[in-house]
Amino acid sequence: MRKITISIDGYSSCGKSTMAKDLAREVGYVYVDTGAMYRSVTLFALRNGLFNADGSVKTEELEARMGEINISFKFNSETGRPDTYLNNELVEKDIRTMEVSSHVSPVAAIPFVRKALVAQQQRMGAEKGIVMDGRDIGTVVFPDAELKIFVTASAEVRAQRRYDELKAKGMEADFDDILKNVKERDYIDSHRETSPLRKADDALELDNSNMTIEEQKAWLMDKFHKACKD
């Protein structure tokens, strides 16, 4: 069976990362969480005082320090999934906080940040046999991907999932705050000037608002096998 490139794009908190990780593990592909890469840059910016009081990014200072940011992924044998490292520090939990979530969209909208990370992502996927999820994988990073999925779900369903995820990790969470953040991120991601979130013309849409994990897995595997045969 030939190796292909799989792009999974969509709105925040749609379960894209979990879906992509599970699919990659199932078919023996490499998984890259591009959202974690943008979250890592955001974490670096937060830690180094690169945000103004109004939440805007100190872009000139961040651009000058992009060379200090090294993002990598290491396989975790206990979870069966890759963990995110920022400058060799495990930050998988740190990048999932609400503080990072509420600052990541402005960072991800910056052209020099996207250019740097897209180039890194394209290098990662040069050999195919990769599953990558994000906002612009099927439109910008891998426009020629053999299988493109665009995931969506209602804002309320996505907020509830995010709330449940944070509570399960023992972290503080407020549903109304999360719902507001989800809607704000949708707007910013869809309206930014550089690589806005949109469904690629040849992407398959998956609305998983009312799907079980098993139904979703079955749908994805069916699309994967069809793409590999084409």
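In which loop is the place of S13? In this predicted model, S13 sits in the loop that runs between β1 (5-10) and α1, and S13 is also listed with G15, K16, S17 and E165 as the residues closest to the centre of the largest pocket. The points below take up that pocket and then two residues whose backbone phi is positive although neither is a glycine.

**The largest pocket**

- The volume of the largest pocket comes to about 830 Å³, and of the 40 residues that line this pocket, S13, G15, K16, S17 and E165 are the closest to its centre.
- At least two lining residues come from each of α1 (16-27), α2 (34-47), α4 (98-108), β6 (130-134), α7 (155-168), α8 (175-191) and α9 (213-229), and α1, with six residues, gives the most to the lining.
- Sorted by class, the lining of the largest pocket is made up of 21 charged, 12 polar and seven nonpolar residues.

**Positive phi outside glycine**

- S13, in the loop between β1 and α1, has a positive phi of about 60 degrees although this residue is not a glycine.
- The relative accessible area of S13 is 22%, so this residue counts as partly exposed, since buried would require a value under 20%.
- K128, for its part, lies in the loop between α5 (111-124) and β6, and the phi of K128 is near 65 degrees, again a positive value in a residue other than glycine.
- With a relative accessible area of 38%, K128 is likewise partly exposed.

Terms used: Residues are numbered from 1 along each chain as its sequence is written. This is a predicted model: local features need pLDDT of at least 70, side-chain atom pairs count only at pLDDT 80 or more; totals for chains, interfaces and linings use all residues. Side-chain values use heavy atoms; hydrogens and water are left out. On a 1 Å grid over the protein atoms alone, a cavity is a set of points where a 1.4 Å probe fits but cannot get out, and a pocket is an open set with protein on both sides within 12 Å along at least five of seven lines; lining residues have an atom within 4 Å of a point. Grid points are joined across faces, edges and corners, and a volume is the space filled by probe spheres set on the points. Helices (H or I, at least four residues) and strands (E, at least two) are DSSP runs, numbered from the N terminus. Ala, Val, Leu, Ile, Met, Phe, Trp, Tyr, Cys and Pro count as nonpolar, Asp, Glu, Lys and Arg as charged, and the others, Gly among them, as polar. Buried means under 20% relative accessible area, exposed over 50%, partly exposed in between (1.4 Å probe, protein chains only).
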